[in-house]
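The questions below go through some salt bridges and one small sheet, and each answer works towards a single value or name.

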Amino acid sequence: MKYQKLNIIFGWIIFAIAAYTYLSTIEPTASFWDCGEFIAASYKLEVCHPPGAPLFMILGRIVSLFASDPSHVAMMINSLSAIASALTILFLFWTITNLAKRFFAKNEKLSTGQIIAILGSGAVGALAYTFSDTFWFSAVEGEVYATSSLFTAIVFWAILKWEKVADEPYANRWIILIAYLMGLSIGVHLLNLLAIPAIVFVYYFKKYKVTRNGIISASLISIVLLGTIMYVIINGTVKFATFFELFFVNVIGLPYHSGNIIYALLIIGFISWGIYYTHKKRKVLLNTILLGLAVILIGYSSYALIVIRSLANPPMDQNNPENVFNLLSYLNREQYGDRPLLYGEYFNAPLDRSNPYGTGTKYYIKKNGKYVVSYSSQKYNYDPRFKTIFPRMYSPQSNHIKAYKEWTNFKGTPIKITNNQGEQETVYKPTFVDNIEFFIKYQLGHMYFRYFMWNFSGRQNNIQGHGELSNGNWLTGINFIDDMRLGSQENLPYSLKSNKARNKYYLLPLLLGLIGLFYHAKIKPLDFSVVMLLFFFTGIAIVIYLNQYPYQPRERDYAYAGSFYAFAIWIGVGIVSLYEIISNKIPGVAKASIITLAGLLLVPVIMAKENWDDHDRSNRYMVRDFASDYLNSCDPNAVIFTNGDNDTFPLWYAQEVEGIRTDVRIICLPYLSTDWYINQMKRKVYESEPVPFSLNYNQYMMGKRDLVPVYERLKESVSLKELIEFVGSDNPKTKLRTNSGDEMDYMPARNFIIPVDKNKVLNNSIVAQDDSNLIVDNVKWKLSTNYLHKNDLMMLDLLASANWDRPIYYVTVGHGNETNLKNYFQLDGFASKFVPIKTKFSENRVGHINTKSLYDKLMNTFKWGNISDTNIYIDETTSRTTKILKLRENFANLAMALYDKNEKDSARMVLERCKELFPQKQMPFSIYDFSLGEAYYYTQNNEMGDEFIKDYSKTIISELKYYYSQKGRFKNSFTAEKQTNLAILKELTRLTSNYNRTELNKSLEEDFSNYYSMFIGQQTLK
């Protein structure tokens, strides 16, 4: 059989393996982070977070039509990612075989051994990437990265196809195809654009003689081309549209959108004429450029969906990009702020005292047939002595500053400045060496090469690491190497070695890839250069561009999947390299077969074996069920304040896709700082009535009351409603005058009062009838902060205006602390209800509990997504979420409340249900679970309490034994872990002492005394 036919057949076999793998392990519903939002936005074509993904939404909407009912929509969109990922593997296979075939003479007929070596290269490289950690993670969830990877794979394969036929007529059709795919990919993610430098060099190597000046020119052209698409076509096209719109509406006096229409017609007319003219005059290069520009714009036109859907005012309409001004802000991701890149300030840079502020972006609104400036953002000008090229240490957050110094041998350069009080003080500005050290150690080492090694060496566990030895590091599985980096790997406690994400590849994928890399560089240096450009620009270049600060909210390996794709090419090339290197005395067929089989067994097979258990999300329904439980914690027509991605996006999914509790209004507190979001909250959505804010648009529009200082002129308790009216007033008497003469709104008191209408509270079921005797006459509390951000102000506005007509909830007890409401919370499941019942806040027994309601929810209503099934993989995000929700603590609090009412049997049933739902093997005990031990003893279930203490202490002691078994330079390591475990052991000792568990307490006291003595032997406990 001919090579070409075999290449196609084997490519599709590899596709089938990848497709089976991904479809077998997809999550059947929404996942955490952005997935719930993307699935909801796709299903109803709504507007997701900036900068949007309109093409992904269109594709998602198409596949969602095949869902048998709304509960299967997420599975269909997750399947889209799975199939896109399998197609990526298909094109990777063909890319590797294309490059591997070049090792053999073009004009010679391929021998059977050579064919096996080529196809084996493709199989090993493609399957290694199939089972790689990062790519597999993205392949089984409804996110944009799988589809984006497909675009990268196709365009890289396409340029290699062009290279083969470059001298033939009509070869440039491949270039046009690539340009079109680039344009389409903008509607998914911008990562695909980073293949441009590699594409430019393929063109240069094929069309021109390679010279030093030529390489420099090609490099410059590739960077200019990349910058042109990112900043001229994507942003510039819309920015120019704003100029036209302003001119034709504000100057000429035409209706809204007339400037946009004229601008679009001019672009279409100019490009159409240019294509016609260059074709007529046979200007091939210019014609190709204009055609490329045209198809990029056609692909980019998917963003029309964003504007069209925003004009329809869907429930999810982020940034409200229904005109070109809002669209430009949306594309620029302005809500996420900015960061310095090539030149900028250090973290402790003071403002330039001579010129501290400049004018930033102007924001326009429609008014009386014109566009008027509603707000101009403020730009900070920093002291030039604290600026540098390539700034890496720039974030002024205190924990980030601490981390900057921990990651470097921070020295600093002393500089005298004048502080805000006019006094001289010395500040230590980072040196450029400090700056580069942080770049190398953290941004490159921790945030890129660590991820690289996860994929091709092995992974320690799935716990997000911030540089400590025990979490999130790369691993080899070769003890003497791991011992040198992470301390002894012998006698690992069960809690560490049983982590399903502890994956060992024994460096085999890395070594095979390095063989391919070096041999490729030696034998085919031009091809190597192209792959290296792809590797660099989709890896290290992204590191430079993102300029990440410490303590990222999640691991970011998904951003570098393209770089790992490039290395997988070299893993494949490693097979054909070994075929060429190994002696020709071995028959070609046998040699190729042995190398291929060995490569398959030692790389992709090991990777699949190690990675399957921690990438299999089948039968995992936690995200959907937790979202449902959040919503079902609420009474009808409630308002629930959420605080971030993982307690907001799943709820959006539950409502928008599965129609769960659409009477509940979800208010994401961070978004409540924006005027467009407040406007949307004031609209009716499904069965949810408008949120009754009292402040109007002119009072909360951008630039108005963004930050309200608390200046306590009134010491007594004041009606919150009157205070909101005061803050919202435009009367000059309600303003503070600053030193610069400007007027500023302020809050004149910090002691608030809301009167309580007892009958209304009971009639509206804010408080249950059996708790009526606990209702206070007035809700009184004291503000704990000195500033109110707009979202806090609007939340207070709602509390003042709701008038006990609607129940108000917070996702966890911790939220609302900025306004200090915690003493008026009632634990209602996954959310805390604001009630006119005062309950003293404490760390363990949080909020008032209506036992009847909470029992029904925890024991009957709530669903748990198969969390108790030990065959289901609990990843770090899910585990972290369960800790934030304090699930065991909620059961414990309910059990103790039931016991206080002498409902002892019910209390025991609650504790037994908790143990059944959250087995320690599936969900290891944490510092959030002390209340469970207390509940066992408090309710006189002493045997269960002893079992809990023994199991927990066994884990803690085994970990302490491991930490203290370290020798050499690791002897005094794991300090934070030792401190945490000693604190836990001390708390367990306290529990057994308080409840007279004498024998158990004695054993724990001995253990604690022993390990504490060892600890203070090396340092004083802080």
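**Salt bridges and a sheet in a predicted model**

Q: Which side chain does Arg620 meet in a salt bridge, in this model, which is predicted, and with what N to O distance?
A: The side chains of Arg620 and Glu27 meet in a salt bridge. Arg620 lies in the loop between H24 and H25 and Glu27 in the loop between H1 and H2, so this pair ties together parts that are 593 residues apart in sequence. The partner is thus Glu27, at an N to O distance of 3.4 Å.

Q: Is Arg620 buried or exposed?
A: A residue counts as buried when its relative accessible area is under 20%. Arg620 has 3% relative accessibility, and therefore it counts as buried.

Q: Which residue, besides Arg620, meets Glu27 in a salt bridge of 3.1 Å?
A: The residue lies in the loop between helix H24 (604-615) and helix H25 (622-632), while Glu27 lies in the loop between helix H1 (3-25) and helix H2 (35-44), 590 residues apart. Both ends count as buried, with 1% relative accessibility for Glu27 and 4% for its partner. The side chain that meets Glu27 at 3.1 Å, N to O, belongs to Arg617.

Q: Which residues are linked with Glu27 in a network of salt bridges?
A: Glu27 meets Arg617 in one salt bridge and Arg620 in another. The network that holds these residues also includes two acidic ones, and its members besides Glu27 are Arg617, Arg620, Glu141 and Asp875.

Q: How many residues apart in sequence are the parts that Arg450 and Glu555 tie together?
A: The two side chains meet in a salt bridge of 2.8 Å, N to O, and both residues are buried, Arg450 with a relative accessible area of 3% and Glu555 with one of 12%. Arg450 lies in helix H16 (residues 432-456) and Glu555 in the loop between helix H21 (540-546) and helix H22 (561-581), so the parts tied together are apart in sequence by 105 residues.

Q: What is the strand order of the open sheet of 3 strands?
A: The edge strands, each pairing on one side only, are S15 (747-749) and S18 (787-789). Strand S11 (residues 707-714) is joined to S18 by 3 bridges, and these two strands run antiparallel. With mixed pairing, the order is S15-S11-S18.

Q: Which helix lies across S11 and S18?
A: Helix H29 (residues 720-728) lies across S11 and S15, running at about 145 degrees to S15. Across S11 and S18, running at about 85 degrees to S18, lies helix H31.

How values were computed:
Residues numbered from 1 in each chain as written. Predicted model: local features only at pLDDT ≥ 70, side-chain atom pairs only at ≥ 80, totals over all residues. Heavy atoms only, no water. Pairing = 2+ DSSP bridges. Helix = DSSP H or I, 4+ residues; strand = E, 2+ residues; numbered from the N terminus. Contact = heavy atoms within 4.5 Å. Axes fitted to C-alpha atoms, helices over the stretch in contact; angles between N-to-C directions. Salt bridge = Lys/Arg side-chain N within 4 Å of Asp/Glu carboxyl O. Buried < 20%, exposed > 50% of the residue type's maximum accessible area, 1.4 Å probe, protein only.
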